[in-house]
Amino acid sequence: MILSDKTLMRMIEKKELIVEPLAKEQIQPASVDIRLGNTFSIVEDTSTGIINLENEIKYKTITTDSYILLPNQFVLATTMEYFDLPDDLTAFVEGRSSLGRMGLFIQNAGWVDPGFKGEITLELYNANRCAIELKAGRRVGQLVFAKMDDTALNPYNGKYQGQKGATGSRLFMDKEVK
């Protein structure tokens with residue numbers, strides 16, 4: 001079940017769901033607006049020009065209130081908001097249609113697990129032929145929250161728990177199932 005603004009406000013007021021910082025205007029009928037934070041990370045070039053999935057990827061991270069995203073450029077960014085989801089709540093990350101219509105694709109894995117705590121890393125891609133200026137504090141998407149039928153047996157406690165800032169891939173930490 002998707003949560004309504006009334007339920008979201010009640011849960012936030014009771015501290016059952018943490019979203020900080022939060023302005024009342026961010027709470028929409030069935031979502032909470034997310035704003036762009038001020039850290040951006042890009043993959044550093046490798047000597048071979050190949051990213052190996054088994055090794056740690058190096059990133060260059062900058063802190064700035066304004067970032068120019070060039071055409072066909074990919075950058076990691078973060079939300080201004082820190083989230084703390086209870087063990088029976090999940091969320092979907094959705095980009096703003098108005099930004100998508102400009103060629104700015106905003107994504108993350110699209111899913112926030114129950115029990116997650118941290119800022120959400122966003123993957124941004126400029127599909128336009130013009131550069132796009134990104135500004136910290138700008139609404140870039142929303143989180144749509146859904147109540148689960150029961151608490152998670154194993155709430156999220158993975159490699160991105162507690163992340164702050166634009167956090168690069170930690171795929172190298174995975175233990176593949178054989």
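Visitor: What makes the contact of arginine 35 and glutamate 81 a salt bridge?

Guide: In this predicted model, the side chains of arginine 35 and glutamate 81 meet at 2.6 Å, N to O. A salt bridge requires a side-chain nitrogen of Lys or Arg within 4 Å of a carboxyl oxygen of Asp or Glu, so the contact of arginine 35 and glutamate 81 at 2.6 Å qualifies.

Visitor: Which parts of the chain does this pair tie together?

Guide: Arginine 35 belongs to strand S3 (residues 31–43) and glutamate 81 to strand S6 (residues 74–84), so the salt bridge ties together parts that are 46 residues apart in sequence.

Visitor: Are arginine 35 and glutamate 81 buried or exposed, and how do you know?

Guide: Buried means under 20% relative accessible area. Arginine 35 has 15% relative accessibility and therefore counts as buried. Glutamate 81, with a relative accessible area of 0%, is buried as well.

Visitor: Why is S3 described as mostly covered?

Guide: Of the 13 residues of S3, 10 are buried.

Visitor: How do you know that S3 and S6 are paired strands?

Guide: Pairing requires at least two bridges between two strands. S3 and S6 share 3 bridges and run in the antiparallel sense, so the requirement is met. Within this pairing, leucine 36 stands opposite threonine 79 in S6.

Visitor: What other pairings does S3 have, and with how many bridges?

Guide: Strand S4 (residues 59–63) pairs with S3 in the antiparallel sense over 5 bridges, and threonine 39 stands opposite threonine 63 in S4. S12 is joined to S3 by 4 bridges, again antiparallel, with isoleucine 34 opposite glycine 141. Strand S2 (residues 27–28) pairs with S3 over 2 bridges in the antiparallel sense. Here isoleucine 27 has valine 32 as its bridge partner in S3, and a hairpin of 2 residues joins S2 to S3.

Visitor: What makes the side chains of strand S11 alternate?

Guide: In S11 (residues 132–135), Ile132 and Leu134 point to one face and are buried, whereas Glu133 and Lys135 point to the other and are not. S11 also pairs with strand S5 (residues 66–69) in the antiparallel sense over 4 bridges, and isoleucine 132 is the bridge partner of leucine 69.

Visitor: Why are lysine 135 and glutamate 133 called partly exposed?

Guide: The class lies between the 20% limit for buried and the 50% limit for exposed. Lysine 135 has 44% relative accessibility and so counts as partly exposed; glutamate 133, at 46%, counts as partly exposed too.

Visitor: What makes lysine 135 and glutamate 133 a salt bridge?

Guide: Their side chains meet at 3.6 Å, N to O, which lies within 4 Å and therefore satisfies the criterion.

Visitor: How many salt bridges does the structure hold?

Guide: The structure holds 7 salt bridges. One of them is that of lysine 159 with aspartate 174, whose closest N and O atoms are 2.3 Å apart. Lysine 159 and aspartate 174 both lie in the segment after strand S12 (139–147), so the pair ties together parts that are 15 residues apart in sequence.

Visitor: How many aromatic pairs are there, and why is that of phenylalanine 92 and tryptophan 111 called edge-to-face?

Guide: The count comes to 4 aromatic pairs. For phenylalanine 92 and tryptophan 111, the centres are 4.9 Å apart and the planes stand at 90°. Rings pair if their centres lie within 6.5 Å, and planes over 60 degrees apart count as edge-to-face, so both parts of the name are justified. The pair links distant parts of the chain, with phenylalanine 92 in strand S7 (residues 89–95) and tryptophan 111 in strand S9 (residues 111–112), 19 residues apart.

Visitor: What makes the pair of phenylalanine 105 and tyrosine 125 tilted?

Guide: The centres of phenylalanine 105 and tyrosine 125 are 6.2 Å apart, with 40° between the planes. An angle that is neither under 30 degrees nor over 60 counts as tilted, so 40° gives that name.

Visitor: How do you know that the buried residues of helix H1 lie on the same side?

Guide: The buried residues of H1 (residues 5–13) are Thr7, Leu8, Met11 and Ile12. They cover an arc of only 130° around the axis, which puts them on the same side of H1. The face turned away from that buried side carries the exposed residues Lys6 and Glu13.

Methods
Residues are numbered from 1 along each chain as its sequence is written. This is a predicted model: local features need pLDDT of at least 70, side-chain atom pairs count only at pLDDT 80 or more; totals for chains, interfaces and linings use all residues. Side-chain values use heavy atoms; hydrogens and water are left out. Buried means under 20% relative accessible area, exposed over 50%, partly exposed in between (1.4 Å probe, protein chains only). Rings of Phe, Tyr and Trp (its six-membered ring) pair if their centres lie within 6.5 Å; planes under 30 degrees apart count as stacked, over 60 as edge-to-face and the rest as tilted. The arc is that of the directions from the helix axis to the C-beta atoms.
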